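Hi everyone, thanks for having me. Could you pull up the sequence and the structure, so we can walk through them together?

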Amino acid sequence: MTRGFYIGRFQPFHDGHREMTDRIAEEVDEVVVGIGSADASHTVRNPFTAGERIMMVSRVLDELDTQTYVVPIEDIDRNSVWVGHIQSMAPDFDVAYSNNPLVIRLFEEAGIEVRQSEMYNRGDLKGSRIRARMIEGKDWEHLVPDAVVDVIDEIDGLERLRRISGDDGGDATENDH
Ligand SMILES: Nc1ncnc2c1ncn2[C@@H]1O[C@H](COP(=O)(O)OP(=O)(O)OP(=O)(O)O)[C@@H](O)[C@H]1O
Ligand SMILES: NC(=O)c1ccc[n+]([C@@H]2O[C@H](COP(=O)(O)O)[C@@H](O)[C@H]2O)c1
C-alpha cells in the first residue's frame, strides 16, 4: 500500500491542482493533501481560510475513486524541521508530490522521494492569475472545478477578495502574507 502527499496553498484549488490529484490517484493507493499556510487567510495572496480550502479540496477529491485525507499544515519559522512538522500532523506517506523548488529540496533532504510533474496550462492555471481575474471582474469559473465555484459562492469569497484587494476600500496587496 502506498500513500502520496501533495501540499499547496490552494488559494483557490484550480484545474492544475486537479490534474495533479488525478495523476497522484493513478499512482498511489491513498492520497493525502496538505493545506499549506493553514494559518493564513484574509489577504490577497491567501484570501481563504484553512476550513474554506478544506471544503474546496474535499469536495473535489470526493469525485475520485480513491481514499483521500485533507490535513491543514500551518507554516513554521524553521525550514529545517518543516518536513518533521508535516509528519507530525499527516498520515504516514511514502512519496511527496510538488513542483515547488523549496518544498522539493526540503523533502529530498529529509530522505523522502519527490515526484514532480509538468505544469498544466500554467498561463491560466496559476492561483495569483485567478485571484487577479476575480478582483478585476473577469471570468475565472472555467479555471477551477465546479465544486470550488460552489464553495466560493457559499462563503461570498469574491466579495471578500475584492474588499481586501482595495477595490472596495481595503488596502491589502498581493504581497501581504
Ligand atoms: N498549473 C499547474 N500545473 C501543475 N502543478 C501546479 C500548477 N499550478 C500549481 N501547481 C503546483 O501545485 C502546488 C501547489 O501550488 P499553489 O497552491 O502554490 O498554486 P499556484 O497556482 O502556484 O498559486 P499561487 O500563484 O497563489 O502561488 C505546487 O507544487 C505548484 O507548483
Ligand atoms: N517553513 C515552512 O513553514 C514552510 C517551508 C516550505 C513550504 N511551506 C509551505 O508549503 C506550502 C507550499 O505550497 P506551494 O507549493 O503552494 O507554495 C506553502 O503553504 C508554504 O508556505 C512552509
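So, the sheet. In this predicted model, five strands make an open sheet, in the order 3-2-1-4-5, and the pairing is parallel. Strands in a sheet pair through backbone hydrogen bonds, and that can be parallel or antiparallel. Which strands sit at the edges? Strand 3, residues 67-72, and strand 5, residues 113-115, since each of these pairs on one side only. On average, neighbouring strands here are turned by 25° against each other, if you ignore direction.

Let's look at one pair. Strand 2, residues 30-35, runs parallel to strand 3, and six bridges join them. If you want a spot to click on, try V31, which stands opposite T68 in strand 3.

Okay, on to the helices. Helix 6 covers residues 146-154, and its buried residues include V148, V151 and I152. How wide an arc do they cover around the axis? Only 95°, which means they are on the same side of helix 6. Flip to the other side of helix 6 and you find D146, D153 and E154, which are exposed. And what do the buried residues of helix 6 pack against? Helix 2, that's 50-61, and helix 7. After helix 6 comes D156, with a positive phi near 55°.

That brings us to helix 7, residues 157-165. Its buried residues are L161, I164 and S165. Looking down the axis of helix 7, you see them fall within an arc of 105°, so they line one face of the helix. Part of what covers them is helix 5, residues 127-136. Just after helix 7 there's G166, and G166 also takes a positive phi, about 100°.

Let me stay with L161 for a second, in helix 7. Why do we call L161 buried? Because 25 other C-beta atoms lie within 10 Å, and the cut-off for buried is 20 or more. Leaving out residues up to four places away in sequence, L161 touches V44, P47, R131, M134 and I135. Here's a fun one: L161 and T43 are 118 residues apart in sequence, but their C-alpha atoms are 7.7 Å apart in space.

Last stop, the ligands. Around ligand 1 there are 20 residues, and the nearest are G8, G16, N99, L125 and G127. Which helix gives the most to that shell? Helix 1, with four residues. Helix 1 is residues 15-27, and helix 5 also supplies at least two residues of the shell. By type, the shell around ligand 1 splits into five nonpolar, 11 polar and four charged.

Ligand 2 has 14 residues around it, with G8, G36, S37, D75 and N100 the closest. So G8 turns up in the nearest group for ligand 1 and in the closest group for ligand 2. Strand 1, residues 3-8, and helix 4, residues 101-109, are the elements that give two or more residues to the shell around ligand 2. Helix 4 has the largest share there, three residues. And the types around ligand 2? Six nonpolar, six polar and two charged.

That's my tour, thanks for listening. Happy to go back to any of these spots on the screen.

Terms used
Residues are numbered from 1 along each chain as its sequence is written. Chains are lettered from A and ligands numbered from 1 in the order in which they are written. This is a predicted model: local features need pLDDT of at least 70, side-chain atom pairs count only at pLDDT 80 or more; totals for chains, interfaces and linings use all residues. A residue is buried if 20 or more other C-beta atoms lie within 10 Å of its own, exposed if 12 or fewer, and partly exposed in between; C-beta atoms are placed from the backbone. The arc is that of the directions from the helix axis to the C-beta atoms. Two residues are in contact if their C-beta atoms, placed from the backbone, lie within 7 Å. A residue is near a molecule or strand if its C-beta atom, placed from the backbone, lies within 6 Å of it. Ala, Val, Leu, Ile, Met, Phe, Trp, Tyr, Cys and Pro count as nonpolar, Asp, Glu, Lys and Arg as charged, and the others, Gly among them, as polar. Two strands pair if DSSP finds at least two bridges between them. Axes are lines fitted to C-alpha atoms, for helices over the stretch in contact, and angles run from 0 to 180 degrees between N-to-C directions.
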